[in-house]
Amino acid sequence: QLTYHGGSGNDIVLTAVIPPPEITSGATATGTVGTPFSYAITATNSPTSFSASGLPGGLLVDSATGIISGTPTEAGTFVVTISDANSTATATAPLSLAIAKGVATVELQTASQTPLTVSYDGTTKAVTATTTPSGRTVVLTYTRNGVPMDPIYPGTYLVTATVDDPNYAGTKTDTLVITVSVLVRHAPTLTSIVDGSIQLLS
């Protein structure tokens, strides 16, 4: 504000008015769950404060700098409203923020050992899956010679593990081998009657 004293009480007051801000930052942005993210709200005409609504989990806006940052915890496409203000007015604009699923790694093992080799005993030999980050749901499928089947009988099975999670994705394939041992029992003296047998041992 500038005041001009013209004498005889005829003072003139001049007030400088800053134009309203106009947002100039991009209308789209992308990120990934579990990966640090940063986006700067920018605008013309000297904005002094910033805000954002509708952000996914893990992201916050710095009201003084306009920097949206953090590590996203939710995947999806979010319609975020960004805004800034100066002493004259407030400006808003939409921001389409696409957050991709993070990558989860999968490890497979049997109840007793790794690699995936177990002995036949007539029961299902399912494998155990663990993930990083931990706690992700994993769907396991088993195929033998291209045919889906439970891993019960001796042979080689293809195991496919798929992460089933709204915020993470990941797959792993491995081979499960169910082995069998054979023992032949026979009488000391062979006769015309067969008195031996073949048994499967676990």
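**Notes on an all-strand predicted model**

1. Let's start with the contacts: of those in the chain with a separation of 6 or more, 52% are between residues 24 or more positions apart. Keep in mind that this is a predicted model. The chain has 20 strands and zero helices. Of its 202 residues, 27% are buried. The accessible surface is about 12200 Å², and carbon and sulfur atoms account for 55% of that.

2. On to the inside. The largest nonpolar core has 33 residues, and the ones touching the most other members are Tyr39, Ile82, Leu97 and Leu176. Several strands give two or more residues to this core, among them β4 (37-40), β8 (76-85), β14 (138-144) and β18 (171-179). Which strand gives the most? That is β9, with five residues. As background, nonpolar side chains in soluble globular proteins tend to be buried together.

3. Leu97 deserves a look of its own. Leaving out neighbours within four places in sequence, its contacts include Phe37, Leu55, Pro56, Leu59, Phe78 and Val80. Ala29 and Thr30 are also on the contact list of Leu97. Ala29 stands opposite Leu97, which is in β9.

4. That brings in β3, residues 28-32. β3 pairs with β9 in the parallel sense, over five bridges. Ala29 and Gly31 make up the covered face of β3, while Thr28, Thr30 and Thr32 are on the uncovered one. For reference, side chains in a regular strand alternate between the two faces of the sheet.

5. Next, an open sheet of five strands, with mixed pairing and the order β12-β18-β16-β14-β15. Its edge strands are β12 and β15, each of which pairs on one side only. β14 and β15 run antiparallel and are joined by two bridges. If you want a spot to click on, Thr143 has Pro148 in β15 as its bridge partner.

6. How many aromatic pairs does the structure hold? There is one. Tyr120 and Tyr153 are stacked, at 6.5 Å centre to centre and with 25 degrees between the planes. Tyr120 sits in the loop between β12 (117-119) and β13 (128-132), and Tyr153 in the loop between β15 (147-148) and β16, so the pair ties together parts 33 residues apart in sequence. Is each ring's residue buried or exposed? Tyr120 is buried, at 17% relative accessible area, whereas Tyr153 is partly exposed, at 48%.

7. Leu108 is in strand β11. Its relative accessible area is 6%, so Leu108 counts as buried, the cut-off being under 20%. Leu108 and Leu140 are 32 residues apart along the chain, and their C-alpha atoms are separated by 10.0 Å. β11 (105-109) and β14 (138-144) both appear among the elements giving two or more residues to the largest nonpolar core.

8. Finally, a polar residue to check: Asn167, in the loop between β16 and β17 (168-169). Asn167 counts as buried because its relative accessibility is 18%, with the cut-off at under 20%. Where does a polar atom of its side chain point us? One lies 3.5 Å from the backbone oxygen of Thr73. Beyond neighbours within four places in sequence, Asn167 is in contact with Val33, Thr73, Glu74, Ala75, Lys101 and Gly102.

Methods:
Residues are numbered from 1 along each chain as its sequence is written. This is a predicted model: local features need pLDDT of at least 70, side-chain atom pairs count only at pLDDT 80 or more; totals for chains, interfaces and linings use all residues. Side-chain values use heavy atoms; hydrogens and water are left out. A nonpolar core is a set of buried Ala, Val, Leu, Ile, Met, Phe, Trp, Tyr and Cys residues joined through side-chain atoms within 4.5 Å. Buried means under 20% relative accessible area, exposed over 50%, partly exposed in between (1.4 Å probe, protein chains only). Helices (H or I, at least four residues) and strands (E, at least two) are DSSP runs, numbered from the N terminus. Contact means heavy atoms within 4.5 Å. Two strands pair if DSSP finds at least two bridges between them. Rings of Phe, Tyr and Trp (its six-membered ring) pair if their centres lie within 6.5 Å; planes under 30 degrees apart count as stacked, over 60 as edge-to-face and the rest as tilted. A polar contact is a pair of N or O atoms within 3.5 Å; within protein, one must be able to donate a hydrogen and the other to accept it, and residues adjacent in sequence count only if both atoms are side-chain atoms. Accessible areas come from the Shrake-Rupley method with a 1.4 Å probe; for residues, only the protein chains shown count as cover.
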